[in-house]
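Morning, everyone. Please pull up the sequence and the model, and follow along with me.

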Amino acid sequence: MAAEAEGLEPQAAAIEDAAGDATEAADAELRLLVGNRLSLDLYPGGCHRLLHLCAQRPPQLGEVEFLQLSGHEDPQLLEATLTQVPRNLQRLRSLVLRGGQHWDVLGACLRGSLTTLPAGLSGLARLAHLDLSFNSLETLPACIPQMRGLSTLLLSYNHLSELPEALGALPSLTFLSVTHNRLQTLPIALGALSTLQRLDLSGNLLDTLPPEIGGLSSLTELNLASNRLQDLPTSLVGLRSLRLLVLHSNLLTSVPTGLVHLPLLTRLDLRDNQLRDVPPELLDAPFVRLQGNPLGEALPAPQSPPGAPVILEMPRLFLNSDVDSFPVTPQGCSVTLACGVRLQFPAGATASPVNIQYRLWLPEPRLVPLGPHDSLLSGVLELQPHGVAFRQKVSLWLLFVPPRIRRCREVVVRTLSGDSWGDLDTHVEEEAPKRLWAHCQVPHFSWFLVVSRPVSNTCLVPPEGTLLCCSGYPGVKVTFPPGATEEPRSVCMQVVRMASRELRALLGEPEAAASPLLCLSQSGGPPSFLQPVTVQLPLPPGVTGLSLDRSCLHLLYRTPLEAAWDDITAQVALELTHLYARFQVTHFSWYWLWYTTKTCVQDLARKAWERLRLHRVNLIALQRRRDPEQVLLQCLPRDKVDATLRRLLDRYRGPEPSDTVEMFEGEKFFAAFEKGIDVDAERPDCVEGRVCFVFYSHLKNVKEVYVTTTLDRQVQAVRGQVSFYRGAVPEEVPEEAKAARQKKGMDTVWIATLPIKLPRLRGSEGLGQGRGPGLSLAPLNLGDAETGFLTQSNLLTVAGRLGPDWPAVALHLGLPYRELQRIRHEFRDDLDGQIRHMLFSWAERQAGQPGAVGLLLRALEQSDRLDVAEEVRAILELGRQKYKDSIQRTSLAPRGLDPADPAAPQSVESAQA
């Protein structure tokens, strides 16, 4: 008996343990039933959890109105789970069964496995919102047309080739989205949806529209972009409630004239169609967009005789911001990327299908090779796979910022070929006064950027000799005699002009003048010529060969190795005419004629050459009026400061701009907050709390950060400052920085200092207690050290990118609809305030909770903001890397092992350190 008792004891213990585990699991599932929302798409085994709840039937289950399940569940399990929904969740108003939450190895979203719905779901009498996006539906489930109370139906990113006529039987439907499917036709009954207000059919294969679509009397938004429509039914002019009509990226050759007379229409988007002639009413309407159409162009001549087989038109792709790759077949295609880049692959460019990936990089010196007088006009585009050669050249169009100076300058596309950078033959196409394209032909893929440079004239110098002239300055010539080279070599000439008034101001001499600056260069080959070449330069302005004083004329030469200027007047024979000076040289370099009474001009020439390359700028630091912790830092050209401040001062306030300072193109500098204020940021451009900048004169040098303080703001306001320093961020700001601020000139580290004030918090405005427009949050970190943190500054960056998509993100974060309405009302005139208040109030409630960062990522992805989600992942990866580095520095992990690896051995002593 004792033995039997001993044998039963382990069994009893096991039963007791199992019962305990079951109790814990049941408690965990009941905790999911807080409020009227049940989000099971965030947890593994969501269907099993719901089935378990249905078996238990707790009273809270009957109160659920919002249900989310993942479309990546097993199809049979998902169908069995959905069968239980009508009996157990009779109050259900919103059902979300989305896919797109898993990714393949290239980072593309995977569709869910959902292919149908059980017929019993039609019994959900209160269901008003149904989301089946990112799944594998090929036909519309038969139960959907029977859901008479349905107001929102989302079917985007499926495989639907048609919609049933029964869809017209939904009397309450107000929003229908069927984007990115395979629809070729629309049902006639679609026109019977008299309550429909928003219809999105973009990204399909539609070539015609039924005339009955004109019966949608309540329709306010209609999106038919990226289809194959060639004409439109005249019944569209009967949509009297229409406010937004999007038809870009189709094949339209004509549009009904009456569209422009729709009384409420505020935007008609007809970009990238085949419109050659449109009515004058459309051309003059301010809300009509017609870019990308062959307006005014004649029809192309027929390419084949009558009776010949018709050649299919080249496919056209228009990519969204969440797509970073596209396929190219031997048939060729025309591609428009979300970042504004266009590519055209001619037929036969590839022998087999190729998957192209693209990415737009922020400019930095490592990716932006610039000459001494070049200016960057665009971001950096990377196209992969690198180095793959095409059978035919691919056309590339890059948008760029119009250069401020165009005289004797040209715009080129610069690319990396092998180990060296080179410029491609580029044509500038003007779509609008401020919308310019750089068009070039590329033989392979690499990095590409748009640059403004001095006009470059190139020739191939044969052994017989030749003459090279400058197109911008006809008087500048270089004569290559016979025997100057043994083999043909490519020689490039560039000419840069310096204003005489700048030289006079530098030298303090009213009569000083200088000729254009000449540069001779080559790609490879010996650094000198075998025979002297003759250079002709115009004499400095105001000087003639008949009246000049030869002792005041200096020929300057820049030595490449020492990067210094030498006066070589005594070493060459200057031949003077009335307007020109001729001399002979043997080296590739820079040459400059000066006329001045100064005797030692080498150092002055260096300063003048620097002056040619410097840009005069001002620095500003502004704080948002509604949220002083948000600081805008910007570096502006001197002539744009006043206009920028007028635009910003209704939302920001701050001190006067800094004094004018000078910067080189591509120069690094950084901002450091001082005197009790620190920048709270964990992002790639922030090192040790200091914000990094790279100055490019034509691009926006602006960043917004969130600042914090360790001082008590309830006692008094915090008066700090932000200082700007030249160069990359050092390990620590030098102690002599204070003394450096007394220095002037280009050698000083310090640039400027501007005051920053965080106002005193009064009463209920205590840290973390604010709830009004002046919301101020205590320092918070979402996440943990190993998975990465999101700080206030990171969340501020996310808020700045959401824009009008913030309500969708808020709903996916679990915020109730009533709270959204309250935020909209409280910040009704401030979209930025709505976004920040939503995000930061949610973050404050989630502080210290596990899984908050993952919840935010999923919400961004479910709201189709994969671009922001990828940026958040990059920030988290940076934080994880810093965490690993800190563990390594403090010897918490052995050298050579990954500190995050749980299998890494760790001693007791190091663990206690």
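**Two helices and some cysteines**

Let's start with helix H2, residues 46-56. Its buried residues are Gly46, Cys47, Leu50, Leu53 and Cys54. Where do these buried residues fall, seen down the axis of H2? They fall within an arc of 125°, so they line one face of the helix. Now turn to the other side of H2. There, His48 and Ala55 are exposed. Keep in mind that this is a predicted model.

What follows H2? Arg57 does, and its phi is positive, near 55°.

Next stop, helix H13. This one covers residues 852-862, and it is mostly covered. How many of its eleven residues are buried? Nine of them are. Find these on your screen: Ala852, Val853, Leu855, Leu856 and Leu857 are buried. Continue along H13, and Ala859, Leu860, Glu861 and Gln862 are buried too. Glu861 is on that list, so don't skip it. Just after H13 comes Asp864, with a positive phi of about 60°.

Last topic: cysteines. You have already met two of them in H2. Cys47 and Cys54 are both among the buried residues of that helix. Here are two others to look up. Is Cys143 buried or exposed? Cys143 has a relative accessible area of 3%, and buried means under 20%, so Cys143 is buried. Cys600 has 63% relative accessibility. Exposed means over 50%, so Cys600 counts as exposed.

And how many disulfides are there? The count comes to zero. The rule asks for a pair of cysteine sulfur atoms within 2.5 Å.

That's my tour. Over to you.

How values were computed
Residues numbered from 1 in each chain as written. Predicted model: local features only at pLDDT ≥ 70, side-chain atom pairs only at ≥ 80, totals over all residues. Heavy atoms only, no water. Buried < 20%, exposed > 50% of the residue type's maximum accessible area, 1.4 Å probe, protein only. Helix = DSSP H or I, 4+ residues; strand = E, 2+ residues; numbered from the N terminus. Arc of directions from axis to C-beta.
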